[in-house]
Amino acid sequence: MDEKHLEQQLAEELIAGWQIIATGSGFLVSTDWHWPNDERIEIYVRTVGEREDLYIVTDGGDLYNFLFSQGIDLSRDENGMKIFSNTAERYGVRILDGQMVKGSSDGDLAGSIRKMLEAVKDASFLLWHKLNREGCVH
């Protein structure tokens, strides 16, 4: 096997369990990556207004809401919010109203989805594994 063949097989394997569903104003990307509670991570892609070449890629607030449902209110946890924001920034992602958000164009949409997924996964594990019983980050 040569490196190009391995690269193609690896690319196919990495997205084999994913579903991409057209939503009318974008896409829902259901990955085979999971939250700490074993639910699938979903990434939302929507067009910007009437433009068909600009997109907003977001977690839809799922991480913020997931943590809140577990008793962690990041709006009241300064250290947790700092970890959340810093992790997002490493991937070029911003936090707006509890959502992880990244702008994208046609040419970099796939990369933006990957970066969003990695930001969500990193932040979820950093926050999930650092929680104490009072529902705030150490």
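Let me start with Gln 99, which is found in strand S6, residues 99-105, and let me say at once that what we have here is a predicted model. Is Gln 99 buried, exposed or partly exposed? At 24% relative accessibility, Gln 99 counts as partly exposed, because the label of buried is kept for values under 20%. Leaving out residues up to four places away in sequence, Gln 99 touches Thr 58, Asp 59, Gly 60, Gly 61 and Arg 94. If you would like a sense of distance across the model, Gln 99 and Gln 8 lie 33 Å apart, C-alpha to C-alpha, with a separation of 91 residues in sequence.

The next residue along the chain is Met 100, and with this residue we come to the core. The largest nonpolar core has 27 residues, and among these Ile 43, Phe 84 and Met 100 touch the most other members. Two or more residues of this core come from each of strand S3 (40-47), strand S4 (54-58), helix H2 (62-69), helix H3 (78-90) and helix H4, and of these elements H4 provides the largest share, eight residues. As a general remark, in soluble globular proteins nonpolar side chains tend to be buried together. To return to Met 100, again without counting residues up to four places away in sequence, the contacts of this residue include Val 57, Leu 63, Phe 84, Ala 88, Ile 95, Met 116, Ala 119 and Val 120, while Thr 58, Asp 59 and Arg 94 are also among the residues that Met 100 touches.

Staying with helix H3, I would point to Thr 87, which has its place in that helix. Thr 87 has a relative accessible area of 1%, and therefore counts as buried. Beyond its neighbours within four places in sequence, Thr 87 is in contact with Ala 119, Asp 122, Ala 123 and Leu 126.

Now to the aromatic rings, where the count comes to two pairs. How are the rings of Trp 35 and Phe 66 arranged, and how far apart are they, centre to centre? This pair is stacked, with 5.6 Å from centre to centre and 25° between the planes. The two partners join distant parts of the chain, since Trp 35 sits in the loop between S2 and S3, whereas Phe 66 belongs to helix H2, 31 residues apart. Trp 35 is buried, with a relative accessible area of 7%, and Phe 66 is buried as well, at 8%. In the other pair, the ring centres of Tyr 64 and Phe 84 are 6.4 Å apart and the planes stand at 35°, so this pair is tilted. Here too distant parts of the chain are linked, with Tyr 64 in helix H2 and Phe 84 in helix H3, 20 residues apart, and both Tyr 64 and Phe 84 are buried.

Finally, the largest pocket, which holds about 310 Å³ of space. Its lining is made up of 14 residues, and those nearest the centre of the pocket are Ile 15, Trp 18, Ala 110, Ile 113 and Arg 114. Which elements supply at least two residues each to this lining? They are strand S2 (26-34) and helix H4 (109-128), and H4 gives the most, with seven residues. Sorted by class, the lining has eleven nonpolar residues, one polar residue and two charged ones. Helix H4 is thus a thread through this talk, with the largest share of the core and the most residues in the pocket lining.

How values were computed:
Residues numbered from 1 in each chain as written. Predicted model: local features only at pLDDT ≥ 70, side-chain atom pairs only at ≥ 80, totals over all residues. Heavy atoms only, no water. 1 Å grid on protein atoms, 1.4 Å probe; cavity = no way out; pocket = protein on both sides within 12 Å on 5 of 7 lines; lining within 4 Å. Points joined across faces, edges and corners; volume = space filled by probe spheres on them. Helix = DSSP H or I, 4+ residues; strand = E, 2+ residues; numbered from the N terminus. Nonpolar A, V, L, I, M, F, W, Y, C, P; charged D, E, K, R; others polar. Core = buried A, V, L, I, M, F, W, Y, C linked by side-chain atoms within 4.5 Å. Buried < 20%, exposed > 50% of the residue type's maximum accessible area, 1.4 Å probe, protein only. Contact = heavy atoms within 4.5 Å. Phe/Tyr/Trp six-rings, centres within 6.5 Å; stacked < 30°, edge-to-face > 60°.
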